[in-house]
Amino acid sequence: MNNNTLDFSQEEFSKILEKASSMILEKYANLDAIKGFNVNSQEEVESWFDEPLPRIGKDSFELLDEVKTKVFDSATGNLGKNMYAYVMSGGNQISTVAELLLSTVNQNNTKWHLAPAMTEIEKRVIKWAAEMIDYTPEAGGAMVSGGSEANLAGLTVARNIFFKKFDIKRNGLFGLKPFMVYCSKETHNCTDKSLSLLGIGTNQLRRIDTNADLTIDVNALEKQIEADITSGFMPFCVVGNAGTVNTGAIDNLTALADIAQKYEMWFHVDGAYGGLASALPSIKHKYAGLERADSIALDFHKWLYQPFEIGCVLVQDWEKMRETYYKEADYLATELQTNANARLEFNEHYFQLSRNAKAFKAWMSVKAYGFDRIREMIQKDIDLTNYLIKLVEESTDFELKSKADLAVACFRYKGKMADNEAISDLNQKLIPALEADGRVFITSTKLNGEFVLRACIINHRKTETSIEYLLDTIRDVASKL
Ligand SMILES: Cc1ncc(COP(=O)(O)O)c(C=O)c1O
């Protein structure tokens, strides 16, 4: 250690960085060998970290060796080609560099003068995000932890702006009649969680039936709104999906925007999974109406291929963010700052006070790769999903359960079986068996109550060969059950 600080000498630090770099390079050198899941048991992983508080520091090189074996080598394979579970993107190399640089300058992106460049970068990334999805250039927003928080933020702005006249920032919701929120049955559970947190309560969430393609049934929605009005409830907000988590279904956003307008409701869109795919010429038409949303949740650790965490909430203008979140405090006063009016203060436009500069890695990535290249990768993910769908349809031992516009496909392995229950039973056994095998990592869901395997392809490193490997591995594991 150097002097009476926690710092190393320049020479020592340089060697530590070199060793860390070589660990990163080794990961990339062995990309093809990365399994979907490393099969160490929970007890084993827990035991690696079962130690008392270290009072005396450990040699940094030994520490990196420990990190390599316990963390790097056991990491779930998001980076590689064998991850199909949930919505896991593979990250990107420029963001690895960005996160290292970001933690080095350790900026607090809360007040302009605490992070001048990072504040301007975040403003710019919000503008770019709006441009990517053809939203208003006036949009305001914030970088948040992910899709769940982006939806919570959008719905918070919705509630605070919609009920501004009742001054709910001070009064809370006390004394207000219940007000209703509408979304399809396929909507992500972070909407339910958000409504619980916002004091609206999930009893006020109407989960509307879907059409055969799992998009919201707009007629059923309107009927429910009318019924609620007749019962004396106030319609407040409609949540549209720009790509559902289960199958990538994109709701009819124009119809939802029309209904929101007709009944004077807030229109929020969950674009966490599929929002950025609206930049693709091949499916742009599916997103018509997105530009009319009052708020949109995006998620850059999905289709901007960012490492966790980074989500983004967009609203029509900055003032709505400020009206929702601003609270004066003497210790945050801006009056004495030079050019104070031109400085955007993120703490006045979002809930957090201290915040890291998440936008930085997105900014570096978009500049390094160019958004057109990133778009090509999104299109490639969708093309590979169609390849998977084609293989499943052409096979005799798999059956397809959902086709969608985005990069998620649901299917079942049936082998030579015909009995529906036996097939369902086998697929339920397959999920833990595949996890125990580890070669590929895939999870499940239910579609209209039916258990299915769900493969999400959101990784710029995947190829047709990796898709074939997925199906072959499922066959192999199934044959041993
Ligand atoms: C449509 C949708 N909304 C919200 C979320 C939640 O995002 P996060 O996991 O980043 O909180 C997801 C995650 O998959 C999603 O697909």
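**Sheet, hairpin and helix pairs in a predicted model**

Me: Let's start with Thr 443. Which residue in S11 stands opposite Thr 443?
Reply: Bear in mind that this is a predicted model. Strand S10 (residues 443–447) and strand S11 (residues 450–456) run antiparallel, joined by 5 bridges. Within S11, the residue standing opposite Thr 443 is Arg 454.

Me: And the turn in that hairpin: which residue takes a positive phi in the hairpin of S10 and S11?
Reply: S10 and S11 are antiparallel neighbours with 5 bridges between them. The hairpin leaves 2 residues between the strands. A positive phi near 45° turns up there, at Asn 448.

Me: On to the main sheet. In what order do the 7 strands of the open sheet come?
Reply: The pairing in this open sheet is mixed. For example, S1 and S7 run antiparallel over 5 bridges, while S4 and S5 pair in the parallel sense. The order of the 7 strands is S1-S7-S6-S5-S4-S2-S3.

Me: Which are the edge strands?
Reply: Reading the order S1-S7-S6-S5-S4-S2-S3 from end to end helps here. An edge strand of this sheet pairs on one side only. That description fits strand S1 (140–144) and strand S3 (205–208).

Me: By how much are neighbouring strands of this sheet turned against each other on average?
Reply: This is an average over neighbouring strands in the sheet. Direction is ignored, so to speak of parallel or antiparallel isn't needed for this one. The average turn is 20°.

Me: What angle does the direction of helix H5 make with that of S7?
Reply: Helix H5 (residues 116–132) packs on the sheet. H5 touches S1, S6 and strand S7 (311–315). Its direction and that of S7 make an angle of about 75°.

Me: Then helix H6: what angle does its direction make with that of S6?
Reply: Helix H6 (residues 147–162) also packs on the sheet, where S1, S4, S5, S6 and S7 are touched by it. The angle between its direction and that of S6 is about 170°.

Me: Let's zoom in on S5. How many of the residues of S5 are buried?
Reply: Strand S5 (residues 266–270) is covered on both faces. One side has Trp 266, His 268 and Asp 270, and the other has Phe 267 and Val 269. Side chains in a regular strand alternate between the two faces of the sheet. The buried count for S5 is 5 of 5.

Me: Which residue is the bridge partner of Asp 270 in S6?
Reply: Asp 270 has partners in two strands: Asn 241 and a residue in S6. S5 and strand S6 (residues 295–299) run parallel, with 3 bridges joining them. Ser 295 of S6 stands opposite His 268. The S6 partner of Asp 270 is Ala 297.

Me: Which helix makes a right-handed β-α-β unit with S4 and S5?
Reply: Strand S4 (residues 234–241) pairs with S5 in the parallel sense, over 5 bridges. Between these strands in the chain sits a helix spanning residues 253–262, and the unit is right-handed. The helix is H10.

Me: Now S7. Which residue in S7 stands opposite Ser 295?
Reply: S6 and S7 run antiparallel and are joined by 5 bridges. All of S7 is covered, with Gly 311, Val 313 and Val 315 pointing one way and Cys 312 and Leu 314 the other, each of them buried. Val 313 stands opposite Ala 142. Ser 295, in turn, stands opposite Val 315.

Me: Turning to helix pairs: are H15 and H17 parallel or oblique to each other?
Reply: Helix H15 (residues 371–394) packs against helix H17 (residues 464–479) at about 40°, with the axes 10 Å apart. Contacts involve Leu 384, Tyr 387, Leu 388 and Leu 391 in H15 and Glu 464, Ile 467, Glu 468 and Leu 471 in H17. The crossing is right-handed. Angles under 35 degrees would count as roughly parallel, so this pair is oblique.

Me: At roughly what angle do the axes of H1 and H3 cross?
Reply: Ile 16, Lys 19, Ala 20, Met 23 and Lys 27 in H1 meet Ser 60, Phe 61, Leu 64, Lys 68 and Phe 72 in H3. The crossing is right-handed. The axes come within 10 Å, and they cross at roughly 20°.

Me: Last one: is Ser 41 buried or exposed?
Reply: Ser 41 lies in the loop between H1 and helix H2 (42–48). Its C-alpha atom is separated by 35 Å from that of Phe 13, 28 residues apart along the chain. Ser 41 has 9 C-beta neighbours inside 10 Å, so the residue counts as exposed.

Methods. Residues are numbered from 1 along each chain as its sequence is written. This is a predicted model: local features need pLDDT of at least 70, side-chain atom pairs count only at pLDDT 80 or more; totals for chains, interfaces and linings use all residues. A residue is buried if 20 or more other C-beta atoms lie within 10 Å of its own, exposed if 12 or fewer, and partly exposed in between; C-beta atoms are placed from the backbone. Helices (H or I, at least four residues) and strands (E, at least two) are DSSP runs, numbered from the N terminus. Two strands pair if DSSP finds at least two bridges between them. A crossover is right-handed if, with the strands pointing away from the viewer, the path from the first strand over the helix to the second runs clockwise. Axes are lines fitted to C-alpha atoms, for helices over the stretch in contact, and angles run from 0 to 180 degrees between N-to-C directions. Angles under 35 degrees count as roughly parallel, over 145 as roughly antiparallel, 65 to 115 as roughly perpendicular and the rest as oblique. A crossing is left-handed if the near helix is turned anticlockwise from the far one by less than a right angle, and right-handed if clockwise. Two residues are in contact if their C-beta atoms, placed from the backbone, lie within 7 Å.
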